[in-house]
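Please load the model in your viewer and display the backbone as a cartoon. The stops below proceed from the whole chain to a single residue.

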Amino acid sequence: IETKVEFTVLGDTINHAARLSDFARGGAIWATKNLLGKLPAENRQRVKFGIRRRDAEGHEVLIGASYSRIAELANLDTPRNEKLCDIAALPVTEIMEVRD
């Protein structure tokens, strides 16, 4: 007889992870400032991360080793992004590369 067990995980951490996953598009990897802050310094130095912004000419520029709140990165007034409102103040960054 096969026994099947299912688990449901609840809590803010899981909710934040689910919302951040919804925010990430096109294969992007996003992490919270809290997560990167918990990495040992030697591991954190291997991670290239930052926030993409548009300069005065409209070109995309990477601001390395920076974070931004979700509210500053997504228009929370659109129906597609309404579910991000509960993490609007969460500081996040995009992971660009993890070096060996």
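Begin with the cartoon of the whole protein chain, which contains four helices and five strands; helices (H or I, at least four residues) and strands (E, at least two) are DSSP runs, numbered from the N terminus. In sequence order, these elements follow the pattern α-β-α-α-β-β-β-α-β. The radius of gyration, taken over C-alpha atoms, is 16 Å, well over the 13 Å that the globule rule gives for 100 residues, so the protein chain is more spread out than a compact globule. That rule is 2.2 Å times the number of residues to the power 0.38.

The model is predicted: local features need pLDDT of at least 70, side-chain atom pairs count only at pLDDT 80 or more, and totals for chains, interfaces and linings use all residues. Residues are numbered from 1 along each chain as its sequence is written, and side-chain values use heavy atoms, with hydrogens and water left out.

Next, show the C-alpha trace, which spans about 65 × 40 × 20 Å along its principal axes. Then switch to a surface: the accessible area of the protein chain comes to about 7400 Å², of which 50% belongs to carbon and sulfur atoms. Such areas come from the Shrake-Rupley method with a 1.4 Å probe; for residues, only the protein chains shown count as cover. Of the 100 residues, 25% count as buried, a term that means under 20% relative accessible area (1.4 Å probe, protein chains only).

Now select strand β5, residues 91–98. Which strands pair with β5 in the antiparallel sense? Strand β1 (residues 29–32) does so over four bridges, strand β2 (residues 47–54) also over four bridges, and strand β4 (residues 68–69) over two bridges. Two strands pair if DSSP finds at least two bridges between them.

Individual partners can be picked out along β5. I95 is the bridge partner of I29, E97 stands opposite K48, and P91 is the bridge partner of R69.

Finally, select T32, which lies in strand β1. Is T32 buried or exposed? T32 counts as buried, because its relative accessibility is 17%. To see its surroundings, add L20, L90, P91 and V92, which T32 touches when residues up to four places away in sequence are not counted; contact means heavy atoms within 4.5 Å. P91 thus appears at two stops, as the bridge partner of R69 and as a contact of T32.

Note on methods. Buried < 20%, exposed > 50% of the residue type's maximum accessible area, 1.4 Å probe, protein only.
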